[in-house]
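Here is a short, friendly briefing to read alongside the sequence and the coordinates. Have a look at the fold, then go through the points below.

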Amino acid sequence: MSKVAIRPFRHEVDGVLFGLVIETFKGTEHVELYPNNLGFYEPWDSLYDT
């Protein structure tokens, strides 16, 4: 299986956040895609949580 690397970023335009932001939920680190609010958890296999 190939490894997937991500690069978090955040940029705000007219008060709207765009980015791939590292967050913690219930003790588990994940990345959140804004402004869509899609949460991605390891393993990075393209599945997401809304």
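**A chain built from strands**

Read from start to end, the chain follows the pattern β-β-β-β. That gives four strands and zero helices. Please keep in mind that this is a predicted model.

**The sheet as a whole**

- The four strands make an open sheet in the order β1-β2-β3-β4, and their pairing is antiparallel.
- β1 (9–13) and β4 are the edge strands, and each has a single partner strand, so one side of each is left without a neighbour in the sheet.
- From one strand to the next, the twist averages 30°.
- As general background, strands of a sheet pair through backbone hydrogen bonds, either parallel or antiparallel.
- Also in general, side chains in a regular strand alternate between the two faces of the sheet.

**The β2–β3 hairpin**

- Strand β2 covers residues 16–25 and strand β3 covers residues 28–34; the two run antiparallel and are joined by seven bridges.
- If you would like a pair to find on screen, try Val-21, whose bridge partner in β3 is Glu-32.
- Two residues lie between β2 and β3 in this hairpin.
- In that turn, Lys-26 has a positive phi of about 50°.

**The β3–β4 hairpin**

- β3 also pairs with strand β4 (residues 38–40), again in the antiparallel sense, over three bridges.
- Here Leu-33 stands opposite Leu-38 in β4.
- The hairpin formed by β3 and β4 has three residues between its strands.
- Asn-37, in the turn of this hairpin, has a positive phi of about 55°.

**Extent, burial and contacts**

- Taken along the principal axes, the C-alpha atoms of the chain fill a box of roughly 40 × 25 × 15 Å.
- How much of the chain counts as buried? The share is 18% of the 50 residues, where buried means under 20% relative accessible area.
- Among contacts between residues at least 6 apart in sequence, 5% join residues at least 24 apart.

**Surface and charge**

- The accessible surface of the chain comes to about 4,300 Å².
- Carbon and sulfur atoms account for 54% of that surface.
- The chain carries 4 positive and 8 negative charges.
- The mean positions of the positive and the negative charges are 7 Å apart.

Notes: Residues are numbered from 1 along each chain as its sequence is written. This is a predicted model: local features need pLDDT of at least 70, side-chain atom pairs count only at pLDDT 80 or more; totals for chains, interfaces and linings use all residues. Side-chain values use heavy atoms; hydrogens and water are left out. Buried means under 20% relative accessible area, exposed over 50%, partly exposed in between (1.4 Å probe, protein chains only). Contact means heavy atoms within 4.5 Å. Accessible areas come from the Shrake-Rupley method with a 1.4 Å probe; for residues, only the protein chains shown count as cover. Lys and Arg count as positive and Asp and Glu as negative; His and the chain ends are not counted. The place of a charge is taken as NZ of Lys, CZ of Arg, CG of Asp or CD of Glu. Two strands pair if DSSP finds at least two bridges between them. Axes are lines fitted to C-alpha atoms, for helices over the stretch in contact, and angles run from 0 to 180 degrees between N-to-C directions.
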